[in-house]
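Colleague: I should like a close look at a single part of this model, namely its open sheet. Please describe how that sheet is put together, and then place it within the rest of the chain.

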Amino acid sequence: MGLIDDARRVAAEFEYSAEDVNKGVKEFIRQMDEGLQETGKSLSQIPTYVTAVPNGTEKGVYLAIDLGGTNFRVCSIKLNGDTTFSLTQSKVAIPHELMVAKTSKELFSFLAKQIESFIKIHHGDHFEEHHQRRQNGQEPTDEHFFQLGFTFSFPVHQLSINEGRLIRWTKGFDIADAIGKDVCNLLQSEIDALHLPVKVAALVNDTVGTLMARSYTSPGKTGTLLGAIFGTGTNGAYVEKLDKITKLKKVGGDFDTSTGNMVVNTEWGSFDNQMSVLPDTPYDTALDKESNNPGIQMFEKRVSGMFLGEVLRRAILSMIREGKTELFRDESSGTNDIHSTCTIANHSPLYQQWGVDTSFLSIAQADQSAGQHITRQALNKDLGVDAASSEDAQAIKILVEAIGKRAARLSAVAIGAVIISTGNLTLTAGEALSDKEKGDLEEEVVDIGVDGSLVEYYPGFEQYIREALREIEGIGEKGEKRIRMGIAKDGSGVGAALIALVAADREGGR
């Protein structure tokens, strides 16, 4: 058996058929429904208390902040009311000592001071007017305050649109006295101590922000159904009917019921942790076993950019170590088309866990050069494989295509399940519509906002998703044509500002 045949044999292990896709969709819908009824299920289906999405006509100036890791970002977003916006921002590194401070006050006081500095620079007149009013003894009204959306990328138990208690810290933060406290209140207290004209209006998940940002900027009147991230990680947030979220009766919380809808954060990275329908290979199994969270995030480990390079690395190693394949093995330089014997450096990233970045897959997938010249360069530069032959590079591309295609087809399972579960492609049962109304409905798009390096930069990722969507029962070729996907940038900035707007509108409407 030749090298290309060997590569195809390994690639076949990643095949994910139309039958598999449909099984996956059915199980995804079942787990969605389960998560809407009870907490603690595979799909968390977290109520966000966001009960409306924008339509692009909204106007105003809003603030957004993003605490997601070692940097803190403050943004000012001016919504122009015509699906466009302008954004001003500043970013600052968080000193390590504040990440492990003795009290939460130290961290949140630092954040409030950054907000103060930003307002003084970018909204100086507003700041001075507010200061003057206070000196004159005038009580400021709500319209004098900036509404702020707070993207806080740590696990919280959310109780309303602007209340969430910290469950635990991640990403190197460790401030014990913040656990169990409402992070919006912690921030508001420090903002108030500085007498700033700012109200923390909303606590934001960045995937929900992606949905909101897309709904504001998408063309036409159709609101966005789903915001999805396919990048380092993967997640989705979608608009669900309130009466389907039956666990709200148990978890409670304060929210607006007038729209009949609520955005739900699926946390779909953990779909099917029990592995009832997800595909499995020896490479997936080994990756999971040696990860820092075995048995968790099983969907994400097959879909997201953080893991695809590692899946490829393990597949390549299996071919090298089997000894039965000719990958990166030249009997002599005469058998290599560049007349040099292929060697793998002892310190090659191929021998190191997480050594292969997903960007390498993008390079190989896109390579149309003669003799796979670009892939061979990347093998040398990024993976320490010197003088790989064109056949070696072809074999690698076969593996890359299989791994990337499976990730995209799995992504289609999540997207397809949300579309079918919410009934956005079908007429309401028993609804009496004229032929014209039926025709109009058939032409209506289902709008989806996507973000992340895979969907934006990985060659052919969206095409692979669409191919799988056409194979899903209940979508088909006609339905797939009505699905519009668009990049939604900056869910933690623009999206957070829009959630602050929705929250402020709700307060104003009370």
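Modeller: The account below begins with the chain as a whole, turns to the sheet, and ends with selected sites elsewhere.

The model is a predicted one. Its chain holds 19 helices and 15 strands. The radius of gyration is 25 Å, close to the 24 Å given by the globule rule for 510 residues, so the chain is as compact as a globular protein of that length. Along the principal axes, the C-alpha atoms fill a box of roughly 90 × 65 × 40 Å. Of the 510 residues, 53% are buried. Among contacts with a separation of 6 or more, 71% are between residues 24 or more positions apart.

The sheet you ask about is open and consists of 5 strands in the order β4-β3-β2-β5-β8, with mixed pairing. Its edges are β4 and β8 (198–204); each has a single partner strand, so one side of each is left without a neighbour in the sheet. On average, and with direction ignored, neighbouring strands are turned by 20° against each other.

Strand β3 (residues 71–80) is a useful place to start. This strand is mostly covered, since 7 of its 10 residues are buried. On one side β3 pairs with β2 (residues 59–67); the two run antiparallel and are joined by 9 bridges. One of the bridge pairs sets valine 61 against lysine 78 in β3. The connection from β2 to β3 is a hairpin through 3 residues.

β3 also pairs with β4 (residues 85–93), again in the antiparallel sense and over 9 bridges. Here valine 74 stands opposite serine 90 in β4. This pair too forms a hairpin, with 4 residues between the strands, and glycine 81 in the turn has a positive phi of about 85°.

The parallel component of the mixed sheet appears where β2 meets β5 (residues 146–152): these strands run parallel and are joined by 5 bridges. Within this pairing, leucine 67 has phenylalanine 152 in β5 as its bridge partner. Helix α6 packs on the sheet and touches β2, β5 and β8, its direction making about 160° with that of β8.

Two sites outside the strands of the sheet lie in sequence close to elements already named or bear on the backbone. Lysine 171 is in the loop between β7 (163–166) and α6 (183–193). Most residues other than glycine have a negative phi. Lysine 171, which is not a glycine, has a positive phi of about 60°. With a relative accessibility of 43%, lysine 171 counts as partly exposed. Alanine 387 likewise has a positive phi, near 60°, in a residue other than glycine. This alanine is in the loop between β13 (385–386) and α14 (390–422). Alanine 387 has a relative accessible area of 11% and is therefore buried, the limit being 20%.

Arginine 133 is in helix α5 (residues 124–135). Its relative accessibility is 17%, so arginine 133 counts as buried. Neighbours within four places in sequence left aside, arginine 133 is in contact with Gln138 and His144.

Phenylalanine 299 belongs to another region, the loop between α9 (282–289) and α10 (300–303). With a relative accessible area of 0%, phenylalanine 299 is buried. Beyond its neighbours within four places in sequence, its contacts include Thr234, Trp268, Phe271, Leu278, Leu410 and Ala414. Relative to tyrosine 62, phenylalanine 299 is 237 residues away in sequence, and the two C-alpha atoms are 35 Å apart in space.

A helix pair completes the description. Two packed helices are described by the angle between their axes and the distance between the axes. The axes of α11 (residues 305–322) and α12 (residues 358–366) come within 7 Å and cross at roughly 70°. These two helices are therefore roughly perpendicular to each other. On the α11 side, Gly305, Met306, Leu308, Gly309 and Leu312 take part in the contact, and they meet Thr358, Phe360 and Leu361 in α12. By class, this contact has 5 nonpolar, 3 polar and no charged residues.

Note on methods:
Residues are numbered from 1 along each chain as its sequence is written. This is a predicted model: local features need pLDDT of at least 70, side-chain atom pairs count only at pLDDT 80 or more; totals for chains, interfaces and linings use all residues. Side-chain values use heavy atoms; hydrogens and water are left out. Axes are lines fitted to C-alpha atoms, for helices over the stretch in contact, and angles run from 0 to 180 degrees between N-to-C directions. Angles under 35 degrees count as roughly parallel, over 145 as roughly antiparallel, 65 to 115 as roughly perpendicular and the rest as oblique. Contact means heavy atoms within 4.5 Å. Ala, Val, Leu, Ile, Met, Phe, Trp, Tyr, Cys and Pro count as nonpolar, Asp, Glu, Lys and Arg as charged, and the others, Gly among them, as polar. Buried means under 20% relative accessible area, exposed over 50%, partly exposed in between (1.4 Å probe, protein chains only). Two strands pair if DSSP finds at least two bridges between them. The radius of gyration is taken over C-alpha atoms; the globule rule is 2.2 Å times the number of residues to the power 0.38.
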